[in-house]
Amino acid sequence: AAFGAGALNAIAGGGSFLTFPALVFTGVPPIVANATSALAVSPGYLGSTLGFKAELRALPAQRLRREMLIAATGGVVGALLLLVTPAKLFTGIVPWLLLFATVLFAAGPALARRAQAASAGGHGLARWREPGLLAVAIYGGYFNGGLGILLMALYTVAGESKLNTVNALKNLNSLVLSWLSVAAFVLAGAIAWREGVLMMLAATAGGYVGARWSKRLPVAWVRRGVIVTGLVMSAVFFSKM
């Protein structure tokens, strides 16, 4: 599952639809599974961020530091919210979170087009950029599914017109909030280390292979596969409620 998740994230995203259910189905409690899933996919954010170094260097350093601080704060807040959520309550909302993330993933291209149209039409909501980032970061710290789509939509609506810049900011802030939330999970003892380390290695290998496959596989096919997987996993979790 982790190998597949790494490959999916390299091609189209949606890897958490594999890692989280796999952990739950093998007996890991849902909150620990969510934390361990975040650990498993976290190394991939570093490589993605390094791939956009030139775009990040072109942005004002003060703005980057401020937004990284906001992302870090949101990631920690989201992680703490997860840790204080009663296990029974979290088990009940997991199917809804998976379904929300699946719908978000499916609507991703349409959201991007609307966001670009709003930005191009002079309707950029720049004043909501930082509050929106905080809200998205809290969601990402709590549940990682669909995080990248939310960040890309946020930055596009907020006025970023260059796709590479949007991707660079998305990757950087995903890295920051993911690693800070994982650090909170580690300190709280919420990581299943045996499964987590194995999945980190497998996801990293999957990311390398996925990067090569991405040049051959039609992304539309992969996206359909991710959506079907998300819907199936949502249905399975709903059936267990």
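I will go through the nonpolar cores of this predicted model, then one helix pair, and then a short helix with the residue that comes after it.

Let me begin with the cores. The largest nonpolar core has 39 residues, and the members that touch the most others within it are Phe 20, Phe 90, Leu 98, Phe 143 and Phe 185. If we ask which helix supplies the largest share of this core, it is α7, residues 87–120, with seven residues. Phe 143 deserves a moment of its own, since, leaving aside residues up to four places away in sequence, Phe 143 touches Asn 34, Leu 97, Leu 98 and Ala 101. There is also a second, separate core of 22 residues, and among its members are Ile 70, Val 166, Ala 168 and Leu 175.

Now to the helix pair, α4 with residues 43–50 and α10 with residues 163–187, whose axes come within 8 Å and cross at roughly 150°. Because angles over 145 degrees count as roughly antiparallel, α4 is roughly antiparallel to α10. The crossing of α4 past α10 is left-handed. On the α4 side the contact is made by Pro 43, Tyr 45, Leu 46, Ser 48 and Thr 49, and these meet Asn 171, Leu 172, Ser 174, Leu 175, Ser 178 and Trp 179 of α10. By character, the residues of this contact comprise six nonpolar and five polar, with no charged residue.

Finally, please look at α9, residues 147–157, where the buried residues are Leu 147, Ile 149, Leu 151, Ala 153, Leu 154, Tyr 155 and Thr 156. After α9 comes Gly 159, which has a positive phi, near 115°.

Definitions and conventions. Residues are numbered from 1 along each chain as its sequence is written. This is a predicted model: local features need pLDDT of at least 70, side-chain atom pairs count only at pLDDT 80 or more; totals for chains, interfaces and linings use all residues. Side-chain values use heavy atoms; hydrogens and water are left out. A nonpolar core is a set of buried Ala, Val, Leu, Ile, Met, Phe, Trp, Tyr and Cys residues joined through side-chain atoms within 4.5 Å. Buried means under 20% relative accessible area, exposed over 50%, partly exposed in between (1.4 Å probe, protein chains only). Helices (H or I, at least four residues) and strands (E, at least two) are DSSP runs, numbered from the N terminus. Contact means heavy atoms within 4.5 Å. Axes are lines fitted to C-alpha atoms, for helices over the stretch in contact, and angles run from 0 to 180 degrees between N-to-C directions. Angles under 35 degrees count as roughly parallel, over 145 as roughly antiparallel, 65 to 115 as roughly perpendicular and the rest as oblique. A crossing is left-handed if the near helix is turned anticlockwise from the far one by less than a right angle, and right-handed if clockwise. Ala, Val, Leu, Ile, Met, Phe, Trp, Tyr, Cys and Pro count as nonpolar, Asp, Glu, Lys and Arg as charged, and the others, Gly among them, as polar.
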